Structure formats: structure tokens, C-alpha cells
Amino acid sequence: MRGLVLALALVPLPAWSEFFTLKGHGGPIMGIATAPDGRIATASFDNSVGLWTGQSPEWLEGHEAAVNSVVFNGTAIYSAGDDFTLRQWPGGQVVGQHQGKIVAVAASKTHVATASWDGTIGLWPVDGSPPAMLGPIGSGVNDVAFTADGSRLYSAGVDGALRVWDLASGQETDRLVEHGFGINELVLNQQDGWIAYGAVDGVTRILDLETREERDFTLERRPILALALSPDRRLLAVGDGEGYIMVIDTVDWRIAQDFRATLRGPVWALAFSPDGLNLHAGGIDEAMYSWPVETLGDQQQMAAAEPSFLKNPEEMENGERQFARKCSICHSLTPDGQRRAGPTLYGVFGRTAGTLPEYFYSDTLQDSDIIWNEETINALFDEGPDHYIPGSKMPMQRITEPKDRDDLIAFLRRATAPEN
């Protein structure tokens, strides 16, 4: 198993209304959830969920690909991701599975809902009784939200539709919006009678559920990747693909804050602390950042040190540049692996595929007889992982130019050698 479960640190998280970071992941932060008791769960591209009560987390390991979303539900935690599975913690057992990536989860008292790019919504009873599936709708589902009583579900789709589902019948009962671009995120505020949604084209709107009138807070930034509502429902935070966070005052209906949160890259995840004093955010950096709401924009930006895949390409020779573009977000070059989504490439030449201890490999690689060398690495990027190793969880990508592959192999030969 990659990485032992760590004992929870005795050093508590900083008091709310202070700026702090949570560091330890080996990839971008894709999802954040908070519990009433102050715990924070972070879902990461490094295939892990971090459960934080102090500055060192308990690592929830088991996913075989990036984890996109996490939610607390009573004493349980549910997470889902690119390995098509919904897992329950503690334990990490698979309690649901789709035929495509799961990009969002939501919870009611009786069910957990999953939004999948296979075009369906999974409804998984928390008591373990048989699940139900809503759809398919003909395109991917990006987000879901339950009503307070758990009788209905709202969903946002790649097709730009904002749907309402009756869970007793399993039928779509209403279509609130048919937007021309995919809707990525939604937040339901049933108490005040509105729903907010953010789309691929940057549209940020609040729809009155009774009158169907809309308030438009669209700025010239796209896509919208994260939405979060404060516990008192007075603030709506919006994160986008250009690294900005906008905060909307939902009492006076004005933009209260708008600031560049990242040095580079998007804001993928947002969540307010249970008391509403802090706003947590995640992006391409390998840490979660948390700002006091009252001083948003006055603190440091996310990604204080740029990851290697964001380095200036002109500062690298071609082989390193190919590694930065194609490999560095998933793989490290050091012996410890740095909690990345893929195994470390340290000492990779001459190693049989799927044999590095303490890493979760796909069955395809575990059963492979491939030995990594110049020829096999060249073939991997010439054909693409999906063709060279069908069933591998490696991203689908190719390096088409022979010289680029040669330069990458030469760089890896030097950079991964144990003597270096």
C-alpha cells in the first residue's frame, strides 16, 4: 500500500479567521469538504484523500486515479474520482461504480449521489440497499445537489441543462435552464429560493426558483470551476479557470470581493469553514489555502512556488520540457515519490512495469511483462498509453515527434539514474 496511514498530529489546525495552508499532497487539490466538528477533507490528483484535524493528515488511500470530490455524511466520508468508483471511509470500500469518471458527489440523510461523465447520476443508499441510476441524459453530468428533505435532486450537465429529478419516480420533472455551454457547478439555496450555476463560458448566474428570473454576475473569465455558499448563506464564492475568486454578497446582490488567488492556474475547489470565517481553496498547487473572509485578497496567493510543469519552457532543454509537459504532474524523479498520482521514475530504467512497492497499480500493469528501457518508453509515447498498455490508468497522450521522444528518454536516463 502506497504510504502508511499516519497518526493524527497533535498540533491543531489554526483558529478560524487566520490564514493557513495544509501541505502534504503530491498533486493539485480537486475537492474540499468540511465537517461540523472542524475536520477538513481534501481530494487530490495524487489519488488520495487527506483528512485533516492538524497540520499532518490521515491519508485515505485506495483510489486508483485522481480523486475529484469528497463529502462528509454523518460519521462517514465519501469520495469519488477518475477510477469510476465511489468509496466510503473509514475502510475505503467501493460502494458505487460508474462507466466513466465521477466528478461530483452530494449527500442527503439517506443517499449519496454521484455525477458521472457516463451520462448518469448514481443514487447510493447509505444503508447499503440496492442503488438506482438516473438517466442517461445523453452527455456527461458535472454536478448534483439534494433538496433539504432528500426528495429531489438538481443536476448540471455538459449539455448546458439544469435539471430537476424526482427521486421517488426516478424521472426528470423540470428543466430550469438550457444554456448554450456546459454547466460545471451549481449551488442550491433552497431556504432563500434560488440556485446558482457556473458554466464553461464563464457565465455565473443566480436563478430565482419561483419567478425564474436571473441575476447575472458574469465576468470576462472562464470556465467557472468552483462554487461555495457560506453557512449563513450571505456569501457565494466563485472560482474560475484563470485563478480568480469572486465573492458575491447575496443580501445586497453585489460583488463584495474579486481577487487573483493563484500565481498561475485555475481554482478547482472552494469551501467555507463551518463558522463561515474562512474560505478554503484548492488549485494546481499541492496545498490547500485558507483565507479569513474579512481580508480576502490581502494575503499571499496560492502556488507560492511554481510546480515544475508551470516553469518557463524557455528555461529548460527540450527533454526536460517534454517531461514537464507530459510527466511531471504525475511522476517525481526522487526516491520517495512525493505522493504523486503515478509512481516515482527514480531508477525506472531496467525496472519491470508494475513492480514498485507501495504503489497502487492497475491490474494491467501488475500483470505486465514490460521492462522500462529506451525502446519501451519510446513505444509508450509513440503509440500512447491507451494503445500500448490498454487498461492502464495513465492519461491518454502521445509525443508524436521522434526527436522529442529521444530527448525525453535522454533526460530521463540522466535524471532517474540512482547516482544522480
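## Contacts, rings and charges in a predicted model

Leaving aside neighbours within four places in sequence, arginine 398 is in contact (heavy atoms within 4.5 Å) with Lys326, Phe381, Asp382, Glu383 and Gly384. This is a predicted model, in which local features need pLDDT of at least 70 and side-chain atom pairs count only at pLDDT 80 or more, while totals for chains, interfaces and linings use all residues. Residues are numbered from 1 along each chain as its sequence is written, and side-chain values use heavy atoms, with hydrogens and water left out.

**Confidence**

The predictor's confidence in each residue is given as pLDDT, from 0 to 100. The protein chain averages a pLDDT of 89, and 92% of the residues score at least 70. Over residues 1–11 the pLDDT stays under 50, and the model has 30 contacts beyond four places in sequence for this stretch.

**Arginine 398 and its surroundings**

Helices (H or I, at least four residues) and strands (E, at least two) are DSSP runs, numbered from the N terminus. Arginine 398 is placed in the loop between helix H4 (385–388) and H5. Burial is described by relative accessible area: buried means under 20%, exposed over 50%, and partly exposed in between (1.4 Å probe, protein chains only). Because its relative accessibility is 42%, arginine 398 counts as partly exposed. Its side chain reaches the backbone oxygen of aspartate 382 at 2.6 Å. Arginine 398 and glutamate 383 are 15 residues apart in sequence, and their C-alpha atoms are 6.6 Å apart in space.

**Salt bridges**

Side chains of opposite charge can pair when their charged atoms come close. A salt bridge is a side-chain nitrogen of Lys or Arg within 4 Å of a carboxyl oxygen of Asp or Glu, and the structure holds 20 of them. Three are listed here.

| Residue pair | Closest N to O distance |
|---|---|
| Arginine 39 and aspartate 37 | 3.0 Å |
| Lysine 101 and aspartate 82 | 3.7 Å |
| Aspartate 382 and arginine 405 | 3.6 Å |

In the pair of arginine 39 with aspartate 37, the aspartate has a relative accessibility of 56% and therefore counts as exposed. The pair of lysine 101 and aspartate 82 links distant parts of the chain: lysine 101 lies in the loop between strand E9 (93–97) and strand E10 (102–107), aspartate 82 in the loop between strand E7 (76–81) and strand E8 (85–89), 19 residues apart. Lysine 101 is partly exposed, with a relative accessible area of 33%.

Aspartate 382, whose backbone oxygen is reached by arginine 398, forms a salt bridge with arginine 405 through its side chain. Aspartate 382 lies in helix H3 (residues 374–383) and arginine 405 in helix H5, so this pair ties together parts that are 23 residues apart in sequence. Aspartate 382 is partly exposed at 29% relative accessible area, whereas arginine 405 counts as buried at 7%. Elsewhere, a network of salt bridges links Asp159, Arg163, Glu172, Arg175 and Glu178.

**Aromatic rings**

Rings of Phe, Tyr and Trp (its six-membered ring) pair if their centres lie within 6.5 Å; planes under 30 degrees apart count as stacked, over 60 as edge-to-face and the rest as tilted. By this rule there are eight aromatic pairs. The rings of phenylalanine 217 and tryptophan 253 have centres 6.3 Å apart and planes at 35°, so the pair is tilted. Phenylalanine 217 lies in the loop between strand E21 (214–216) and strand E22 (224–229), and tryptophan 253 in the loop between strand E24 (244–249) and strand E25 (254–260), so the pair ties together parts that are 36 residues apart in sequence. Phenylalanine 217 counts as buried at 9% relative accessibility, while tryptophan 253 is partly exposed at 21%.

Another tilted pair joins phenylalanine 323 and phenylalanine 411, at 5.6 Å centre to centre and 45° between the planes. The first residue lies in helix H1 (residues 318–326) and phenylalanine 411 in helix H5 (residues 402–415), 88 residues apart. Both phenylalanine 323 and phenylalanine 411 are buried. One aromatic cluster is formed by Phe19, Phe259, Tyr289 and Trp291.

A charge sits over a ring if NZ of Lys or CZ of Arg is within 6 Å of the ring centre and within 35 degrees of the ring normal. Arginine 221 lies over the face of tyrosine 244, 4.0 Å from the ring centre. The charged end of arginine 413 sits over the ring of phenylalanine 349, at 4.1 Å from its centre.

**Helix H1**

The buried residues of H1 are Asn318, Gly319, Arg321, Gln322, Phe323 and Ala324, and they pack against H5.

How values were computed
A polar contact is a pair of N or O atoms within 3.5 Å; within protein, one must be able to donate a hydrogen and the other to accept it, and residues adjacent in sequence count only if both atoms are side-chain atoms.
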